[in-house]
Amino acid sequence: MSRPVAVITETEELDPGPALRLLSEAGFDARFAGSRDPEAIAAAAHDADALIVGYARVDAALLDRLPKVRMLATMSAGHDMIDTAEAARRGLWVANLPDAATEDVAVHALAQTLALLRHLPRADAVVRGGGWNHDFTEVPRRASELTLGLVGFGRIARTLARIAAPLFGRVVAYDPHAADWPEGVERADLDTLVAEADVLSLHTPSTARTRGMVDGPLLARMRPGGFLVNVSRGDLIDADALLAALDSGRLAGAALDVFPTEPPAADDRLRTHPRLLLSPHSAFRTDASLRAYVLGPARNVIAWWTTGRPHTPVVVPGPATAPDPAATAPRTASAQGAPA
């Protein structure tokens with residue numbers, strides 16, 4: 001009896017070993033392509049039942065070369081690297097990791113926000129340059145007198161709202177898709193939110209409607225001297241409009257963990273503008289999240305193979321695409337695990 005095949009495309013800096021071992025213990029022929037290149041993925045996964053995806057693009061052309069694949073599991077909350085419409089058309093499962101780094105990204109966004117409000121990068125530069133408080137001319141505003149505005153109100157934004165609420169005078173959020181609304185967070189339309197927020201924090205996926213949404217007109221509607229934080233997706237922001245708002249002083253500062261092009265070019269002004277606080281797409285990064293990003297997709301694949309459904313699906317096909325239990329290899333209970 002042949003074993004099911006699961007292939008990990010690439011993991012960037014993560015160690016795929018624990019996931020490969022977990023899959024093997026569950027009865028899979030587990031492989032690591034180690035590449036985003038479609039040719040390398042197709043060679044490693046030509047007979048795969050499941051594909052675990054890092055940043056590799058999974059589109060119709062690649063799926064044509066993977067005729068047995070019925071399950072696609074991402075190593076992230078985002079799944080924009082997968083053509084989900086094509087996956088749905090083909091009757092494939094797609095699963096993501098919605099909670100692997102929720103707390104970590106929210107804490108990072110708050111840390112960046114507070115660093116901006118307190119002008120910590122400038123204060124650090126003054127002291128390192130031999131100066132002292134008479135050389136530090138920035139006057140921070142008190143957080144309890146400010147409004148934190150959240151664009152998008154999913155898991156990360158809700159966690160940020162909870163941990164930031166004791167510090168800010170108001171927390172206001174915009175999300176046309178959110179059904180329930182917690183006490184203590186005001187709901188507003190986007191125009192009202194932008195006009196009233198002192199700090200605008202982005203927490204929305206990259207879609208045709210949201211790409212470039214933070215453009216010149218939106219930034220012009222923000223309060224003078226406001227701040228922008230983006231730990232979501234780099235293409236939500238028009239970079240030229242952001243730089244112009246910083247140059248003019250309309251924005252007092254911005255913090256970016258994500259960029260339109262990653263990594264940005266060495267001469268990109270986003271790297272050098274003095275009012276930008278930057279991190280290298282690392283908001284997700286903690287010891288706990290790195291374990292979850294490796295093991296979570298493997299657990300989704302194992303759950304799909306053993307029960308017919310992954311733990312956290314985002315595309316749910318018809319019942320005909322569930323694995324045939326008669327074709328599965330013997331499984332160990334310890335390999336099935338729990339969702340990350």
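Which residues of β10 are buried on one side, and which on the other? In this predicted model, G226, L228 and N230 lie on one side of the strand and F227 and V229 on the other, and all of them are buried. Both faces of β10 are therefore covered, and the count agrees: 5 of its 5 residues are buried. Let's see what surrounds this strand.

Strand β10 belongs to an open sheet of 7 strands with parallel pairing, in the order β8-β7-β6-β9-β10-β11-β12. The edges of this sheet are β8 (186–187) and β12 (276–278), each of which pairs on one side only. Helix α10, residues 239–248, packs on the sheet and touches β10 (226–230), β11 and β12. The direction of α10 makes about 140° with that of β11.

It helps to follow a couple of the pairings by eye. Strands β9 and β10 run in the parallel sense and share 4 bridges; if you pick out S201, its bridge partner in β10 is V229. That is a residue you have already met, as one of the buried pair F227 and V229. Towards the edge, β11 (residues 251–256) pairs with β12 in the parallel sense over 3 bridges, and here A255 has L277 in β12 as its bridge partner.

Now look for empty space. A search of the whole structure turns up 1 cavity of 30 Å³ or more, and the largest cavity holds about 30 Å³. Its lining includes N230, A239, L242 and L256. N230 is also one of the buried residues of β10, while G234, I237, V258, F259 and P260 belong to the lining as well.

From the same sheet, follow the chain out of β9 (199–202) and into the loop that leads to α9 (216–221), where you will find T204. Is T204 buried or exposed? Its relative accessibility is 13%, so T204 counts as buried. Leaving aside residues up to four places away in sequence, T204 touches V151, T210, M213, S232 and L236.

The structure also has an open sheet of 6 strands, and this one has mixed pairing, in the order β2-β1-β3-β4-β5-β13. Its edge strands are β2 (29–32) and β13 (313–315), each pairing on one side only. From one strand to the next, the twist averages 20°. Within this sheet, β3 (residues 50–53) and β4 (residues 71–74) pair in the parallel sense over 4 bridges, and L51 finds its bridge partner, L72, in β4.

Two helices are worth locating here. Helix α1, residues 17–25, packs on the sheet and touches β1 (5–8), β2 and β3, with its direction at about 160° to that of β2. Helix α11, residues 287–307, lies across β1, β3, β4 and β5 (93–95) and runs at about 155° to β4.

Finally, turn to the aromatic rings. A pair of such rings is described by the distance of the centres and the angle of the planes. The search of the whole structure finds 4 aromatic pairs. For F284 and Y293, the ring centres are 5.5 Å apart and the planes stand at 80°, which is over 60 degrees, so this pair is edge-to-face. Both F284 and Y293 are buried. Elsewhere, F28, W304 and W305 come together as one aromatic cluster.

Notes. Residues are numbered from 1 along each chain as its sequence is written. This is a predicted model: local features need pLDDT of at least 70, side-chain atom pairs count only at pLDDT 80 or more; totals for chains, interfaces and linings use all residues. Side-chain values use heavy atoms; hydrogens and water are left out. Two strands pair if DSSP finds at least two bridges between them. Axes are lines fitted to C-alpha atoms, for helices over the stretch in contact, and angles run from 0 to 180 degrees between N-to-C directions. Contact means heavy atoms within 4.5 Å. Rings of Phe, Tyr and Trp (its six-membered ring) pair if their centres lie within 6.5 Å; planes under 30 degrees apart count as stacked, over 60 as edge-to-face and the rest as tilted. Buried means under 20% relative accessible area, exposed over 50%, partly exposed in between (1.4 Å probe, protein chains only). On a 1 Å grid over the protein atoms alone, a cavity is a set of points where a 1.4 Å probe fits but cannot get out, and a pocket is an open set with protein on both sides within 12 Å along at least five of seven lines; lining residues have an atom within 4 Å of a point. Grid points are joined across faces, edges and corners, and a volume is the space filled by probe spheres set on the points.
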